[in-house]
Each structure stands twice: as C-alpha cells, then as structure tokens.
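Open the model in a viewer and follow the stops below in order. Each stop gives a selection and then says what is there.

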Amino acid sequence: MDTQFIGEHLMPGKLGHFFAILSFVMALFSTFSYWRAAATENKDLNSSRSWQLLGRNGFILHVAGTAGVFITLFYIIQNHLFEYHYAWRHSDLSLSPKYLLSCFWEGQEGSFLLWSIWHCVLGLIVMFTAKGLESRTMTIISLVQVALASMLLGFYIGPDIKIGSDPFILLRTQMQDAPIFSQPNYLDFVKDGNGLNILLQNYWMVIHPPILFLGFAATLIPFAFTIAALWKGEYKQWLKPTLVWSLFTGGILGTGIMMGGAWAYESLTFGGYWAWDPVENASLVPWLLLVAALHTLVVFKATGRSFIITIVLMSLMYMFVWYSTFLTRTGVLGDTSVHAFTDEGKALYWHLLAVLGTLLVLAIGLMLVRWKGMPRVKTEEAVNSREFWMFIGSFILFLSAIQISITTSIPVWSPLAKAITSKDIAPPADVIKHYNDIQVWVAIIITLLTASILFFRFKTSDTKTVLKRLSITAGIAIVLSVIMGITQKIGDARYVVLLFGSNYTIVGMIYYAIKVQKMQLKKLGAASTHLGFGIFVLGVLFSSYNKEVMSINTMGIMMDFGKKNASENARESMENVLLYKDAPVVMGEYTATFKGDSTSPDDPRVFFKVAYERRDTVTNEVKESFVLYPDAFVNPKGQEENSMSPNPDSKHYLTRDIFTYVTKAYDPNHKPTDDTASYKTHKVHEGDTVFTNDGYLVYAGLNTNIAPGTYPQQAGDVAVAAVLLAYDVKGPVDTLFPIYYIRDQYAYQADDTLKKSNLYARISNIIPDEKAVELKIKQAAAEDDYIVMKALIFPYINLVWLGVIIMSLGFFLAMINRITKKEKTATV
C-alpha cells in the first residue's frame with residue numbers, strides 16, 4: 001500500500017504538469033502546422049491558409065500552457081509550498097515579498113520559463129505583423145519553443161537519458177533516499193526552505209533578469225526572419241521587419257547587459273561593473289554580433305552589398321545565444337564563473353548540444369541550398385563610401401566577439417588541445433588584464449570609426465567635404481583630449497589614444513547632428529547611439545584608470561582575507577581599514593567613523609553606519625558630512641561560520657562616487673556580553689604617549705592640586721593626579737585625572753574614565769627615582785565592536801550610465817524612424 005503523506009498540496013503540481021505538457025505538445029503542433037502552411041503556399045493556397053490557422057491556434061494554446069506553468073510555479077513559491085523541491089530550494093519564510101520573483105528565475109527551470117514567456121509575447125506580435133513571412137517565421141519561433149518547452153518536461157528515455165527538468169517535482173521524490181521522507185508527516189519537520197541566494201536579494205535582480213531575457217528572446221526574431229527569407233528565397237520583404245527587430249533587440253539586450261553591470265556595481269564587491277566573467281561575456285558576444293549584423297544589414301538595404309555576411313552574422317548571433325546558454329548552464333566552466341550553473345545543469349549537456357546542433361544544421365543547410373541565388377554585387381566598394389567602413393567596423397566587432405568566446409571557452413576546448421599537444425591550457429591568471437589589453441584596441445578602432453562613418457555617404461562621397469568635417473572634429477577632439485589627459489593624469493599611450501577616440505566620437509556625433517541632420521530628432525537614431533557609445537567609453541576610461549582606493553591601511557595591521565597567496569592578502573590588507581566603533585580614521589580628505597550597526601527582524605541583513613566628514617584644512621570647520629549604510633549578510637544560511645556577504649553603499653556626486661563596503665565584521669547576534677578587556681601597564685615619563693584603539697594619551701606630569709569631590713577624600717590623605725591629555729584623529733578630546741593616594745600607609749587608586757571611548761585610566765605606581773609613573777589603561781576589547789572596510793572613489797562613473805541610456809535611446813529612436821519611414825530598397 002502506498003504511503004499517504006500528510007499536508008501535501010498536490011493539485012498545483014498536477015496542474016503544472018498538465019500545463020507543461022500542453023505547452024510542449026502545442027508548440028510541436030504549431031511548428032508542424034506552420035511548416036505545412038509554408039510547404040503548401042505555392043501549391044494550394046486554401047490548404048496553406050487552413051494550416052496557417054491551425055498553426056496560430058496551436059501557438060495560442062502553447063502560450064496559454066506556458067502562462068499556466070508560470071502562474072502555477074509562482075503560486076507554489078508565493079505560498080511557500082515546501083513539499084515542492086523548487087520552492088524549498090529557492091525560497092524561505094523570511095524572504096521579502098519583493099524578492100519572490102527573483103526566486104522564480106534563480107533556478108534552471110524558472111529561467112528557461114522566463115525565456116519562453118518572452119518568446120510567447122514576441123511570437124504573438126510576429127504572428128499578427130509578419131504578413132507574407134508569417135508561416136516561415138512562426139515555424140522557426142515555434143520550433144525554438146519546442147526546445148524550451150522540452151526543458152521543463154523532466155522525463156527519462158531509458159535509464160540514462162533525461163529530457164528537461166521538472167519544476168514541479170516533489171521534495172520527497174528529489175531526495176527519496178533521505179530517511180525523513182519515509183514518514184507520512186515529513187512536512188512537520190520541513191519548517192523552512194533553503195532560501196534565495198543572498199546575491200540575488202537586490203532590487204536590480206528583480207528587474208535585470210526579465211530585461212536581459214527579453215533581449216535574449218528578441219534575438220530569435222531577426223534570426224527567424226533571416227531563416228524565413230532564405231527558406232522562401234525572397235530577400236526584400238524580410239528587410240524592414242528584420243531591421244526593426246534588430247534595433248529593438250540591440251536596445252533591449254544592451255540595456256539588460258548594463259543593468260547587470262549596475263547590479264554588480266551596487267551588490268558585488270570586486271569594485272566595478274564589469275569583471276569579464278563568463279556569464280557576462282555570454283551575454284555580450286551575441287550583442288556584439290547583432291550590432292555587426294545590424295550594420296551590414298543597413299549596407300545591404302542601401303547598396304545591395306554584404307548580404308552573405310549579414311546572413312552569416314545573424315545566424316552566428318543566434319547560435320551564440322544557445323552556445324552561451326550551453327556554457328553557463330551545463331557546468332563546463334567549472335569554477336571560472338562566479339554565477340554560472342554547475343552540477344544543476346549537467347543533465348542539460350546533451351540536450352543543449354542537440355538544440356544548438358539542430359539550429360546550426362538548419363542555418364547552414366539553407367545557406368548551402370540558396371548559395372548560388374544569393375544577392376551579390378561584383379564590383380568592390382569605394383574606399384570613400386560609407387559601406388566600406390561599416391563593413392570594416394562590423395568585421396572588427398566580429399573579431400572582438402570571437403576573441404572573447406575563445407578565451408571564455410578555454411575550459412571547453414583545453415582538454416582536446418591537451419590531447420593533441422600534451423600541454424595544459426588554463427584561463428588567464430589575470431582575466432581582467434587579459435581582456436582589457438586586447439579589447440582596448442577594439443574600442444579605439446570602433447570609436448574612430450563611429451565618429452567617421454556617418455560623414456560618408458553610401459556608394460560614393462565628396463572626399464573634400466568629408467575630410468573637412470573630420471578635420472574639424474579631430475581638431476576639437478585633440479584640444480579636449482589634451483585638457484582631459486592632463487587633468488585626469490592619463491599617461492598610458494593606449495589610453496591616451498582611447499581618450500582621443502572617445503572625444504572624437506562625442507564631438508563628431510554632436511557636429512553631425514547639428515551640421516548634417518539639422519537636429520531632426522527622428523533622424524538622430526544612429527548619431528545618438530554612437531554618441532552614447534563615445535560617452536560610455538569615456539566614462540569607462542575615467543572611472544577605471546583613475547579609480548582610487550581611499551581606505552589605505554596606515555596602521556600596518558595584516559588581516560586574513562582568505563587569498564591563495566601572501567602577496568594578494570598583503571595587498572588587500574593595505575587597501576582595507578580597521579574601524580573601531582566611534583573611533584575616527586582619516587581616509588584621504590575624509591574622516592570616517594563607524595557608528596554601530598542596526599538589524600531588523602524583517603530583514604536578514606546587518607546595516608553598518610559609517611559617518612563621513614570633510615573638514616577645512618585651515619579652520620577645521622566641517623565642510624561636508626554624510627552617512628553611508630553598507631550592509632552584509634553575516635553568517636548567512638547555507639554558508640560556513642564567520643562568513644559574510646557584503647553589499648556596498650555609495651555616495652553619488654555628479655563627477656564621482658564614493659563606494660564603500662564592509663569586508664569583515666563581528667556578528668551582532670553573537671556579541672560578547674561580558675567585558676573582555678583587561679588593564680595593560682605602561683611606564684611613562686612626562687611627555688610620553690600611550691596609544692589607544694581610537695587615538696592616544698599624552699602624559700603631562702603629576703598634579704597635587706586635587707579638586708574636592710574627585711574621589712572619597714579623608715583627612716591625612718596624600719594624593720596626586722596624573723594629567724593625561726586625550727586625543728583622537730581630529731585633535732584634543734578631553735583630559736583625564738586618575739588619582740593615586742596614600743591612606744594609613746596603604747596605596748589606593750581612583751580611576752578616571754573617557755566614556756566616549758569606553759576607556760579607563762589608573763595609576764598603579766609612582767617611581768620617584770626615574771621620575772616615571774606606571775599607568776594601567778583598559779579599553780573595551782576591539783573585537784567586540786568593529787568593522788573592516790574598503791572605500792573607493794570612481795571618478796566620472798555617471799558618464800558610464802549616461803552613455804548607456806543615450807545609446808539605448810538611440811536604438812529605439814532609430815527603430816521608430818524605421819517603422820514610420822517609407823524606405824526604398826536598393827536593387828541588386
């Protein structure tokens with residue numbers, strides 16, 4: 001007899017299974033129906049229309065099934081139904097409601113589902129706008145949806161081949177060997193879930209993944225139109241929709257990528273917004289190829305040239321979307337990425353390769369079939385034409401994408417290389433330097449081209465006019481670059497050239513918008529995108545080249561940061577300061593003071609209050625003050641003891657950011673309750689200094705003039721007070737008068753206290769022969785209330801975000817112009 005488990009909610013799981021199967025079957029049905037509609041289009045128009053109608057209905061039912069899976073899974077997560085493995089693994093009871101969506105796409109199944117949802121939305125739009133290319137385009141979209149829907153099936157073919165992963169699998173099924181699940185009331189012991197990855201508990205991770213996956217999903221549409229054009233052998237009808245969708249995809253995917261950069265800047269602690277992580281590269285490569293394809297597509301539309309390279313780039317762009325998915329979801333990257341899937345994705349290895357192989361065969365097969373009939377122009381492009389330099393730019397972007405892919409893929413191809421050469425090939429030791437040293441030259445060439453290309457015309461240009469305009473642009477850019485280079489102290493020759501390139505682009509696009517386009521907004525899409533790129537590069541240059549560490553460790557304290565070698569640990573120690581509570585520390589032109597921590601029962605984070613002050617160097621008046629609240633998950637669930645995951649906080653200025661995060665701290669939930677400090681003895685002479693946790697004391701001698709009431713005085717006492725001048729980093733704080741007195745031939749002490757610093761001072765002995773005094777000083781144990789903090793200055797980082805915004809708006813402005821403009825296509 002089967003065990004009856006108590007308290008399980010099985011109906012949502014059954015509904016979810018039904019919707020998942022419906023989604024897969026209807027995607028398959030829609031693919032077949034649309035394929036039949038395309039196949040009978042020239043033979044039997046009525047039959048073709050009937051199949052097309054079936055394809056539409058099938059796709060609509062597929063959309064309904066996919067939406068059902070989404071709603072059911074979210075219901076399970078929202079209601080904390082921990083009998084389901086997905087809810088248990090990715091959420092817990094303490095999670096803020098605003099992060100429930102982040103739980104949804106933290107796992108493989110949820111992220112594939114998000115991708116599929118966007119395909120559904122975009123597919124419906126294409127269905128009603130593709131017109132004569134609907135059947136062929138929707139065949140490709142439905143086929144890809146079959147692949148994505150299969151990722152959620154979770155069934156086996158034979159004992160070893162698994163198709164997809166079931167998001168509705170029960171916890172007791174996933175962990176069936178655990179003894180707890182032999183008990184009917186096992187849910188009584190499952191009090192909470194494993195919880196959401198703490199790095200994802202950030203508002204950027206609520207909005208960044210949907211935008212990024214919309215970008216990934218949108219790459220399918222230009223690819224589908226491209227395949228449809230090859231399939232039909234008609235190369236005019238596809239141009240406008242492909243161009244419009246490419247512009248939309250470029251804007252959305254680029255925005256999604258840089259939203260990830262903003263998340264990294266605000267949530268991670270590597271001190272920046274881009275680390276050349278494989279997952280970052282995986283999203284960047286398709287975007288680079290898309291931008292390259294977009295430019296050659298414009299060339300084909302205007303001149304009839306570059307059709308073949310456009311088809312190749314469009315196909316490569318979409319192949320790399322799936323290859324990037326393979327890299328980041330199968331575990332092949334190992335530990336080279338900080339946020340790729342590992343063991344969870346091993347079951348997808350052959351599944352994803354099969355999808356990638358199918359799409360690759362489809363694209364290459366159609367190219368071979370249509371090769372002879374593809375449009376070509378026999379003559380060469382003129383050097384003074386726009387299409388010539390656009391092709392050069394696209395080729396450079398292609399090379400950039402290939403270099404990034406080859407290096408990112410080292411864990412994939414290195415075993416084969418070792419088998420051939422018997423040599424181990426490992427990823428670069430300094431990944432950021434490796435990529436930067438290569439990609440800086442790409443950025444230089446592209447900035448020079450983006451400033452120049454729009455001044456040329458298609459087919460042929462007035463060379464004299466072009467050179468005049470470019471000379472004016474270059475002259476202004478040189479002046480600006482010299483001024484910026486001097487003020488920003490940029491000395492590296494590569495970056496001096498990049499500085500010129502970015503200024504050349506900015507000046508050139510402003511000049512082009514005013515002089516050539518007469519500031520007609522609808523025509524400024526390309527110029528705006530190029531302008532945004534120039535501003536972005538300038539921001540990257542300034543914020544990276546002149547990034548400054550404020551938190552220089554002048555105390556010489558070596559701290560353990562868990563680095564693999566001593567030199568890295570020493571460098572981190574020099575760039576982190578130890579702050580005791582209420583003890584000011586000078587950092588550059590600021591003084592930073594740790595004011596304590598705060599926690600909330602509704603938030604698992606600990607917030608550390610750090611007060612900054614900037615004073616006038618002459619008058620010592622406070623010129624500026626602000627408070628930052630860097631936070632951290634201290635000893636978070638699922639991590640080892642004495643660990644923490646910090647989140648930075650920043651002070652934003654127009655021209656810079658002060659970026660602060662905590663690298664070490666006590667656990668506020670396990671503070672010592674007893675005073676663990678002890679007195680330490682110091683023998684001092686007049687003028688000597690005793691250092692404390694937050695400053696120092698200067699012994700100024702003995703004073704026999706004891707004020708009444710300072711200690712319990714009696715007649716006959718012989719008393720003396722030590723004069724101790726207390727200082728912190730700002731200057732004098734107070735004066736302490738610990739007293740030493742003789743009564744009835746016995747020695748007694750009366751301590752004095754500096755309450756602000758929790759410091760106690762006592763005279764333990766007077767040594768007349770040496771004119772010295774033995775002092776005992778006690779201060780609260782440093783480990784009870786402290787943080788270790790790193791602070792950085794990012795100059796002109798707002799240029800990065802401004803450039804991204806302008807660049808994205810340029811894509812959308814160009815898209816709107818293409819939608820509303822009646823354009824002529826070049827004849828070949």
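**Whole chain**

Start with everything selected: of the 828 residues in the protein chain, 53% are buried (buried means under 20% relative accessible area, exposed over 50%, partly exposed in between, with a 1.4 Å probe and protein chains only). This is a predicted model, in which local features need pLDDT of at least 70 and side-chain atom pairs count only at pLDDT 80 or more, while totals for chains, interfaces and linings use all residues. Residues are numbered from 1 along each chain as its sequence is written, and side-chain values use heavy atoms, with hydrogens and water left out.

Along the principal axes, the C-alpha atoms of the protein chain fill a box of roughly 125 × 90 × 55 Å. Colour by secondary structure to see 21 helices and 23 strands (DSSP runs numbered from the N terminus, H or I of at least four residues for helices and E of at least two for strands). Of the contacts in the protein chain with a separation of 6 or more, 70% are between residues 24 or more positions apart (contact means heavy atoms within 4.5 Å).

**Domains**

Next, colour three selections: domain 1 (1-196), domain 2 (566-671 + 786-793) and domain 3 (674-784). These bounds come from an automatic or database domain assignment. The centres of domain 1 and domain 3, taken over C-alpha atoms, are 73 Å apart.

**The nonpolar cores**

Select Trp115, Phe223, Trp238, Tyr318 and Trp322, the residues with the most contacts inside the largest nonpolar core, which has 168 residues. A nonpolar core here is a set of buried Ala, Val, Leu, Ile, Met, Phe, Trp, Tyr and Cys residues joined through side-chain atoms within 4.5 Å. Helix α10 (residues 239-267) contributes the most to this core, with 15 residues. Domain 1 (1-196) and domain 2 (566-671 + 786-793) each supply at least three residues to this core.

Zoom in on tyrosine 318. Beyond its neighbours within four places in sequence, tyrosine 318 has contacts with His119, Val144, Thr219, Leu220, Phe223 and Leu359. Then move to a second, separate core of 25 residues, whose members include Val577, Val610, Phe626 and Ile787.

**Three helix pairs**

Phe223 and Leu359 appear again at the next stop, where helix α9 meets helix α13. Show α9 (residues 220-232) and α13 (residues 349-370), which pack at an angle of about 35° with their axes 9 Å apart. Axes are lines fitted to C-alpha atoms, for helices over the stretch in contact, and angles run from 0 to 180 degrees between N-to-C directions. The crossing of α9 and α13 is left-handed (the near helix is turned anticlockwise from the far one by less than a right angle; clockwise would be right-handed). On the α9 side are Phe223, Ile227, Leu230, Trp231 and Lys232, and on the α13 side Leu359, Leu362, Ala363, Leu366, Met367 and Arg370.

Go back to α10 and add helix α21 (residues 798-820): the two pack at an angle of about 165°, with their axes 9 Å apart. They are therefore roughly antiparallel to each other (angles under 35 degrees count as roughly parallel, over 145 as roughly antiparallel, 65 to 115 as roughly perpendicular and the rest as oblique). Their crossing is left-handed.

For the third pair, select α14 (residues 386-408) and α16 (residues 431-452), whose axes are 10 Å apart at an angle of about 165°. That makes α14 roughly antiparallel to α16, and their crossing is left-handed. Among the contact residues are Trp389, Ile392 and Gly393 of α14 and His434, Tyr435 and Ile438 of α16.

**Single residues**

Is threonine 505 buried or exposed? With 0% relative accessibility, threonine 505 counts as buried. Threonine 505 is in helix α18 (residues 493-516) and, residues up to four places away in sequence aside, touches Thr447, Thr450, Ala451, His530 and Gly534.

Serine 306 sits in the loop between α11 (278-303) and α12 (307-329). Its phi is near 65°, a positive value in a residue other than glycine, and at 16% relative accessibility serine 306 counts as buried.

Lysine 771, in the loop between β21 (759-767) and β22 (772-779), also has a positive phi, near 50°. At 71% relative accessibility, lysine 771 counts as exposed.

End at serine 544 in helix α19 (residues 525-545), which is partly exposed with a relative accessible area of 45%. Draw a C-alpha to C-alpha distance from serine 544 to arginine 762: the two are 51 Å apart in space and 218 residues apart in sequence.
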